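Please read the sequence and the coordinates side by side before turning to the explanation. The paragraphs below are meant to be followed with the structure open.

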Amino acid sequence: MYQYFTESGDSFQEAMEKVKVKYGTSAQVLGHRTVTYGGFLGFFQKEGIEVNGCIKHDAGAADRERAKLEEEKRKILALAEAKAQAAQVKAASEEKREDQLKAVLDEMRSLQEKVDKLPEKLPQADAGSRDHPTLLLLEGILEDNEFSPAFIRMILDRLRREITMDGLADTEGTLAKVRVWISESVQLFQEKRAGKPRVFILVGPTGVGKTTTIAKLAAVYGLGFGGQERQKLSLITIDNYRIGAKMQIESYGEIMGIPVTCIESYDALRQRIELDSDKDMVLIDTIGKSPKDFVKLAEMRQLLEGTGRPTEVHLAVSATTKTKDLREIFQQFEPFGYQSVVLTKLDETSVVGNLLSLLWEKQKPVSFLTDGQAVPQDIHRASIDKLLKPLLGFAPGLPLRTGKET
Ligand SMILES: Nc1nc2c(ncn2[C@@H]2O[C@H](COP(=O)(O)OP(=O)(O)O)[C@@H](O)[C@H]2O)c(=O)[nH]1
Ligand SMILES: [Mg+2]
């Protein structure tokens, strides 16, 4: 059960102080914004900061406290009775007995008041919410961005270890620091110049945009799109399932003036690579539809390594994939020894924490990002700025929550 609150002050610190005094340390701050308040008819208004958040009422803790008080009450009643009996036995003066009873009754009354007030009372903070408000704020922001629990733990542990209480009081500064740590967790793929032709194989689940990405890459490397030095290219596809797929890549090749070969056997692949020895780069589009394709892909990679060509395997994953499926895909394609990841369809999602968490967990660099269907403009070399741009809540003025309620 949550109770929501809004508090304002001249500064963020002042508003936070009010929150702490009013709601205690179990209050979780969800966001803040600049507001104008006070004044009369628009004059003498002040600019301040409004903080909003919620308090989680732990029903269990309230029940436990109530049970404890009931037990105490029972004990006191028993004690009162025993005292009353003892007083009678001793036949002490009437006055003294009354005094004793009065004291016991007062004690019981105050206890009863405590019990009555219980539902309005703030619950005991649990271990997590005893944390500094900035840590709670950050935890919420990271969760909103769908970072994995392991990633969030890594960031919070580092904050507890490296940032002092004074440091945490500077919320903006702490947010900026965490953004830097997130950026440091990302690895960018470094292209190596390791001989000719460079063999670039794109693997990945069906429908993530591999063929489209190969066409975009053909424009980048083959036509020098985006400032890249122009290279002599050859395109290969092993997608023989669909006539459409073959035509799709062939028509791109034709438009760009880049030769396209559709291979069906290892011999054909070996021959093609031999023939392409004058090329700077060979781009290979693949298909991963059935287990048979996977066997074929793994064997193809071995075969290519056998030719002594510098072979790079890149895994294409769609940014719209659910975390659980992403994990499975990363695992499933592990046997191909992919060195890098291409993130596709970034235009279709607003959260990237799940992707960033997995890349960090698997220690895989990112080579390219795609953010639309248009060939060739919707492809970009992976950069920290582009990857971190969708992050919510890390810059002033940006929304702090995705609007999702817990
Ligand atoms: N929104 C969006 N769609 C894309 C992107 N890349 C590819 N697509 C679309 O995804 C669909 C499948 O693409 P395709 O290249 O055939 O996928 P493949 O099966 O992996 O080869 C097509 O409709 C593409 O236009 C992207 O970056 N953003
Ligand atoms: Mg395809």
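What follows goes from confidence and overall make-up to the strands, the core, the ligand shell and two single residues.

This is a predicted model, and its confidence is a sensible place to begin. The mean pLDDT of the protein is 81, with 78% of the residues reaching 70 or more. Among the elements, the lowest mean pLDDT, 64, belongs to helix H2 (residues 59–90), whereas strand S9 (residues 340–344) has the highest, at 98. There are also stretches in which pLDDT stays under 50: one of them covers residues 119–129, for which the model has 20 contacts beyond four places in sequence, and another covers residues 397–406, for which it has 13 such contacts.

With that in mind, the overall make-up can be described. The secondary structure comes to 14 helices and 11 strands, and of the 406 residues in the protein, 31% are buried. If one takes the contacts between residues at least 6 apart in sequence, 74% of them join residues at least 24 apart.

Strand S4 (residues 198–203) offers a way into the interior. Six of its six residues are buried, so the strand is largely enclosed by the rest of the structure. The covering applies to both faces, since Arg-198, Phe-200 and Leu-202 on one side, and Val-199, Ile-201 and Val-203 on the other, are all buried. Which strands pair with S4? One is S7 (residues 281–285), which runs parallel to S4 and is joined to it by five bridges; within this pairing, Arg-198 stands opposite Met-281. Another is S8, which pairs with S4 in the parallel sense, also over five bridges, and there the bridge partner of Phe-200 is Glu-312.

From S7 the path continues to strand S5 (residues 233–237), which pairs with S7 in the parallel sense over five bridges, Ser-234 standing opposite Val-282. S5 is mostly covered, with five of its five residues buried: Leu-233, Leu-235 and Thr-237 point one way from the strand, Ser-234 and Ile-236 point the other way, and all are buried. S5 also pairs with strand S6 (residues 260–262), again in the parallel sense, over three bridges, and in S6 the bridge partner of Ile-236 is Thr-261.

Residues of these strands reappear in the nonpolar core. The largest such core has 72 residues, and those with the most contacts inside it are Val-203, Ala-218, Leu-235, Leu-283 and Leu-343. Helix H8 gives the most to this core, with seven residues. For Val-203, once residues up to four places away in sequence are left out, the residues touched are Thr-286, Gly-288, Leu-297, Val-313, Leu-315, Phe-333, Phe-336 and Tyr-338.

Helix H8 (residues 210–223) is also the element with the largest share of the shell around ligand 1, to which it gives three residues. Of the 16 residues around the ligand, those that come nearest are Gly-209, Lys-210, Thr-211, Thr-212 and Thr-370. How is this shell divided by class? It has one nonpolar, nine polar and six charged residues.

Two individual residues complete the tour. Asp-293 lies in helix H11 (residues 291–306) and counts as partly exposed because it has 18 C-beta neighbours inside 10 Å, where 20 or more would be needed for a residue to be buried. Leaving aside neighbours within four places in sequence, Asp-293 is in contact with Ile-287 and Gly-288, and Gly-288 is also among the residues that Val-203 touches. Between Asp-293 and Asp-239, which are 54 residues apart in sequence, the C-alpha to C-alpha separation is 9.5 Å.

Thr-320, by contrast, is found in a loop, the one between strand S8 (311–318) and helix H12 (323–332). Is Thr-320 buried or partly exposed? It counts as partly exposed, because 15 C-beta neighbours lie inside 10 Å. Apart from neighbours within four places in sequence, Thr-320 is in contact with Lys-345, Glu-348 and Thr-349. In the same part of the chain, Leu-346 is 26 residues from Thr-320 in sequence and 7.4 Å from it in space, C-alpha to C-alpha.

How values were computed:
Residues numbered from 1 in each chain as written. Chains lettered and ligands numbered in written order. Predicted model: local features only at pLDDT ≥ 70, side-chain atom pairs only at ≥ 80, totals over all residues. pLDDT = per-residue confidence, 0-100. Helix = DSSP H or I, 4+ residues; strand = E, 2+ residues; numbered from the N terminus. Contact = placed C-beta atoms within 7 Å. Near = placed C-beta within 6 Å. Nonpolar A, V, L, I, M, F, W, Y, C, P; charged D, E, K, R; others polar. Core = buried A, V, L, I, M, F, W, Y, C linked by C-beta atoms within 7 Å. Buried ≥ 20, exposed ≤ 12 C-beta atoms within 10 Å, placed from the backbone. Pairing = 2+ DSSP bridges.
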